[in-house]
Amino acid sequence: MITLSDGLHNFIDGLAIGASFTVSVFQGISTSVAILCEEFPHELGDFVILLNAGMSLQQALFFNFLSACCCYVGLAFGILAGSHFSANWIFALAGGMFLYISLADMFPEMNEVSLEDERKGSMLVPFVIQNLGLLTGFAIMLLLTMYSGQIQIG
């Protein structure tokens, strides 16, 4: 189940990256960086879940690699669809997927960690770390949005 859902998620990420590169190189790089920042901890978490489910190291690596390859399939479809149709539809789909991941997956996990630390008596440190992470992500996206017209590559 984890591999299938992660494969679908990676496919949507590939669609967004492919469509972004059809709009502009800068938008493609911006989207790729944003997805990389989101995917790295997500893939590590999936890998640990597969290991805890009883898979060997090689099996977990194989299934994680298999789901990651779906991103390349999504990339190809994103380039094709973005060059023939409006990329805004693909961005709307990917944006909805990112919102779903953050609201249904990330925030409940953050809440669970906070409640566990609250029982131990240490609430301030996880609160500060979690909010610094969220605010850093918001600040990076805000800066990219505000200064995207002034950034030149090459």
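Here is a walk through the structure, from the overall fold to a core, a pocket and a few single residues.

Keep in mind that this is a predicted model. Start with the big picture: the protein chain has five helices and zero strands, so there is no sheet to look for, as strands would have to show up as DSSP runs of at least two residues. Reading along the sequence, you get the pattern α-α-α-α-α. If you box up the C-alpha atoms along the principal axes, the protein chain takes roughly 55 × 40 × 30 Å.

How do the pieces of the chain meet? Take the contacts between residues at least 6 apart in sequence: 71% of them join residues at least 24 apart. Turning to the surface, the protein chain exposes about 10300 Å², with carbon and sulfur atoms supplying 74% of that area. Of the 154 residues, 26% are buried.

Now go inside. Nonpolar side chains tend to be buried together in soluble globular proteins. Here, the largest nonpolar core has eleven residues. From the early part of the chain come I12, L15, A16, I17, A19 and I35, and further along are A87, I90, A94, M97 and I101. Two elements, α1 and α4 (87-120), each give two or more residues to this core.

I12 is a good place to stop and look around. This residue lies in helix α1, and I12 counts as buried because its relative accessibility is 9%, against a cut-off of under 20%. Which residues does I12 touch, once those up to four places away in sequence are set aside? They are L93, A94 and M97, and A94 and M97 are also on the list of core members. There is another distance worth checking from here: the C-alpha atoms of I12 and L75 are separated by 8.5 Å, although the two residues sit 63 apart along the chain. L75 turns up again with another core residue, I17, which touches T31, S32, I35 and L75 when residues up to four places away are not counted.

Next, the second largest pocket. Its volume is about 300 Å³, and 14 residues line it. The elements that give two or more residues to this lining are α1 (2-23), α2 (25-52) and α3 (57-84). Which of them gives the largest share? That would be α3, with six residues. By character, the lining divides into eight nonpolar, three polar and three charged residues. Nearest the centre of the pocket you will find N10, E43, A68, C71 and Y72.

E43 deserves a closer look. It is found in helix α2. Is this glutamate buried or exposed? E43 is buried, because its relative accessible area is 16%, and the limit is under 20%. Leaving aside neighbours within four places in sequence, E43 is in contact with D6, N10, N64 and S67. N10 is thus a contact of E43 as well as one of the residues nearest the pocket centre.

Finally, for contrast, find F65 in helix α3. This phenylalanine counts as exposed because its relative accessibility is 55%, where exposed means over 50%. From F65 to L115 the C-alpha distance is 33 Å, with their positions 50 residues apart in sequence.

Terms used
Residues numbered from 1 in each chain as written. Predicted model: local features only at pLDDT ≥ 70, side-chain atom pairs only at ≥ 80, totals over all residues. Heavy atoms only, no water. 1 Å grid on protein atoms, 1.4 Å probe; cavity = no way out; pocket = protein on both sides within 12 Å on 5 of 7 lines; lining within 4 Å. Points joined across faces, edges and corners; volume = space filled by probe spheres on them. Helix = DSSP H or I, 4+ residues; strand = E, 2+ residues; numbered from the N terminus. Nonpolar A, V, L, I, M, F, W, Y, C, P; charged D, E, K, R; others polar. Buried < 20%, exposed > 50% of the residue type's maximum accessible area, 1.4 Å probe, protein only. Contact = heavy atoms within 4.5 Å. Areas by Shrake-Rupley, 256 points an atom, 1.4 Å probe, with all protein chains shown as cover. Core = buried A, V, L, I, M, F, W, Y, C linked by side-chain atoms within 4.5 Å.
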